[in-house]
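The following exercises ask the reader to work through a structure step by step. Each task is followed by its solution.

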Amino acid sequence: MIKLFKRIDKRYLPSILAILLLTFGQSVAQLYMPNLNGDIIDKGVMAGDTDYILRTGGLMLLVSIGGMLCSIAASYLAARVAMGFGRDLRRTIFTKASGYSLKEFDKLGTATLITRNTNDVTQIQNLGFMLLRMMLMAPMMLIGGIVLAVSKDGVLSLIIVAVIPVLALIIWLVGRSTIPLFQAM
């Protein structure tokens, strides 16, 4: 898989960097919303300050819109990069297959070549999209969540320290059994 993704053209690098920044913006927006909600309750509702509630509610709306725009833009760019990579991969496969002799065509089979050039490349495109969207966001949310938890209550955030090794073990066990299956596929 790594060998395959090393083939990504350098012209996609600016888009990939933009996806990183947009995903970071989306993560920050999602992580900031509970703080704003808490401020509304602590400083607005408890104090009976309607103006503060409205101002902070407006800020929540702006943060939500900003996070949504980051998400849409990152998804759009990730789809473009994944589709472009798929196009490049199909072109490479087609160029390679067009140099085959009739004997090689008979050996491989036309149906197999068509499947490789359609279904398999589509699966790689989908994986690329998921990597650029979900797999980038998860570590950002994890790190941001830990930073926010520690900044809010350092003692209470020790629960996270206890849970992370258990979570890492579960991820490792699942990965250990699924990665060979994925590689075989």
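## Exercise 1: The course of helix H2

H2 bends by about 25° at tyrosine 32, and proline 34 follows within four residues. The bend at a residue is the angle between axes fitted to the seven residues ending there and the seven starting there. Helices (H or I, at least four residues) and strands (E, at least two) are DSSP runs, numbered from the N terminus. The model is predicted: local features need pLDDT of at least 70, side-chain atom pairs count only at pLDDT 80 or more, and totals for chains, interfaces and linings use all residues. Residues are numbered from 1 along each chain as its sequence is written, and side-chain values use heavy atoms, with hydrogens and water left out.

**Task.** Compare the span of H2 with the expected span, and state what its buried residues pack against.

**Solution.**
1. The expected span of a helix is 1.5 Å times one less than its number of residues.
2. For the 33 residues of H2 this gives 48 Å, which agrees with the 47 Å between its end C-alpha atoms.
3. Buried means under 20% relative accessible area (exposed is over 50%, partly exposed in between; 1.4 Å probe, protein chains only). Among the buried residues of H2 are Ile19, Leu22, Gln26 and Asn35.
4. These buried residues of H2 pack against H3 and H5, where contact means heavy atoms within 4.5 Å.

## Exercise 2: Helix H5

**Task.** Determine how far H5 reaches and where it bends.

**Solution.**
1. H5 covers residues 110-152, which is 43 residues.
2. From its first C-alpha to its last it reaches 61 Å, close to the expected 63 Å.
3. H5 bends by about 35° at leucine 131.
4. Its buried residues include Leu127, Gly128 and Leu132.

## Exercise 3: The nonpolar core

**Task.** Identify the largest nonpolar core and the helix that gives the most to it.

**Solution.**
1. A nonpolar core is a set of buried Ala, Val, Leu, Ile, Met, Phe, Trp, Tyr and Cys residues joined through side-chain atoms within 4.5 Å.
2. The largest has 9 residues, including Tyr12, Ile19, Val81 and Leu132.
3. Helix H2 (13-45) and helix H3 (50-98) each supply at least two of its residues, and H3 gives the most, with 5 residues.
4. Leaving aside neighbours within four places in sequence, valine 81 is in contact with Tyr12, Ser15, Ile16, Ile19 and Leu132.
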